[in-house]
Amino acid sequence: MTHPAYGAPDRGTNGNAALPADRPERRNPSQAVRRLRCLYHGRSKGALRYQRAVLLIDFVIIAFFVATPVLRDQAIFLWVDYAIALVVAAELAARGLASRDRRLWLREPAVLVDIVVLITLMFPYTFANWGFLRIVRLWTMSRNDVFWRAFLGGSLRRWEETVRASLNLVTFLFVSTGFVYTFFFRDGSGLEGYVDAFYFTVATVTTTGFGDITLPGTMGKLTSIVMMICGISLFVRLGQSLFRPAKVVYPCPQCALQKHDLDAVHCKACGHILKIPNPGR
């Protein structure tokens, strides 16, 4: 056995090169993990079909979340709730396996939101008052690159900012509706109470303020103030994305400026000549 001081690797009794103590052996991912990474991060036709299928399931789950206040008193509600919990847990585990850095992945806000959603699904009656947080899953979808790659690829990518602003507004509307229904309109449970909560939310967010439905007490006034401030901000953001000139995401090779006009020939920041692809031509 050659001593490592002379440049040859030190070998153990099994003939394999010994690894330094501070460099643990790197294990190659299994075939299943490689397959999941291709499905979640790939751009092949099969990967895009899988990504679209996952997103469609997410939309169905979100529709259930929206209807939860109305369906909670139904006998089948608990079965559907636990079935969706299994689906969410399986999809969350698959995304975790497909991630290359799981520690960093666990610290992502979207993942933390999904974990909270899963807890409310596993204990629907214990965390009934926090069930409205499930709608935040719609926001996590808008933060996922898979959504834009699977549904808004190619020339439709220019509408990303508008779609993102719309999803943020819709998410806020339904989260606010769930909060108002849970803490102020629960006595009028069922469809009527939920519609009243949604009506109040829209009237408050748009600052229409008809006054026929109001929230009682100091807590109700503070809730209305927060909803008005947040709602105006989200509406302004949506208006900006609709009426501002459309931009295309194309990093400048010279200064790395990300967004440019659709017909830009030179970068506005450094003047570098751009070659922005135009799928429409």
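Let us start with a pair of helices: the axes of helix α2 (residues 45–71) and helix α3 (residues 77–98) approach to within 11 Å and cross at roughly 145 degrees. The crossing of α2 past α3 is left-handed. By class, this contact between α2 and α3 brings together eleven nonpolar, one polar and two charged residues. If you would like to find the contact in the model, look on the α2 side for V54, I57, I61, F64, F65, T68 and L71. Their counterparts in α3 are F77, V80, D81, I84, V87, V88 and E91. Please keep in mind, here and below, that the model is predicted.

With that pair in view, step back to the whole chain. It holds ten helices and two strands, and reading along the sequence gives the pattern α-α-α-α-α-α-α-α-α-α-β-β. The chain has 281 residues, of which 36% count as buried. Among contacts with a separation of 6 or more, 53% join residues 24 or more positions apart.

The record adds a layer to this picture. An unreviewed UniProt entry places the feature "transmembrane region" at residues 53–70, 76–98, 110–133, 165–185 and 222–239. How do two of these spans look in the model? Residues 76–98 are 96% helix and 0% strand, and the C-alpha atoms at the two ends lie 33 Å apart. Residues 222–239 are 100% helix and 0% strand, with 26 Å between the end C-alpha atoms.

Now move to helix α1 (residues 31–41), where V33, L36, R37, L39 and Y40 are the buried residues. These residues sit on the same side of α1, because they cover an arc of only 165 degrees around the axis. Turn to the other side of α1 and you meet Q31 and R35, which are exposed.

Further along the chain, F185 is found in the loop between α8 (160–184) and α9. Is F185 buried or exposed? The relative accessible area of F185 is 15%, which is under the 20% limit, so F185 counts as buried. Leaving aside neighbours within four places in sequence, F185 is in contact with V180, G193, D196, A197, I213 and L215. One of these partners, A197, is twelve residues from F185 in sequence, and their C-alpha atoms are 6.7 Å apart in space.

The next loop to visit runs between α9 (191–205) and α10 (217–243), and T207 lies in it. T207 is worth a look for its backbone: phi is near 55 degrees, a positive value in a residue other than glycine. As for its surroundings, T207 counts as partly exposed because its relative accessibility is 45%, a value between the limits of 20% and 50%.

Our last stop is H272, in the segment after β2 (259–261). Like T207, H272 can be placed by its accessibility: a relative accessible area of 29% makes H272 partly exposed. Which residues does H272 contact, leaving aside its neighbours within four places in sequence? They are C252, P253, Q254, V265, H266 and C267. Of these, C252 is 20 residues away from H272 along the chain, with 7.5 Å separating the two C-alpha atoms.

Technical notes: Residues are numbered from 1 along each chain as its sequence is written. This is a predicted model: local features need pLDDT of at least 70, side-chain atom pairs count only at pLDDT 80 or more; totals for chains, interfaces and linings use all residues. Side-chain values use heavy atoms; hydrogens and water are left out. Helices (H or I, at least four residues) and strands (E, at least two) are DSSP runs, numbered from the N terminus. Buried means under 20% relative accessible area, exposed over 50%, partly exposed in between (1.4 Å probe, protein chains only). UniProt positions are given in the numbering used here, feature names are shortened, and annotations may be inferred rather than shown by experiment. Contact means heavy atoms within 4.5 Å. The arc is that of the directions from the helix axis to the C-beta atoms. Axes are lines fitted to C-alpha atoms, for helices over the stretch in contact, and angles run from 0 to 180 degrees between N-to-C directions. A crossing is left-handed if the near helix is turned anticlockwise from the far one by less than a right angle, and right-handed if clockwise. Ala, Val, Leu, Ile, Met, Phe, Trp, Tyr, Cys and Pro count as nonpolar, Asp, Glu, Lys and Arg as charged, and the others, Gly among them, as polar.
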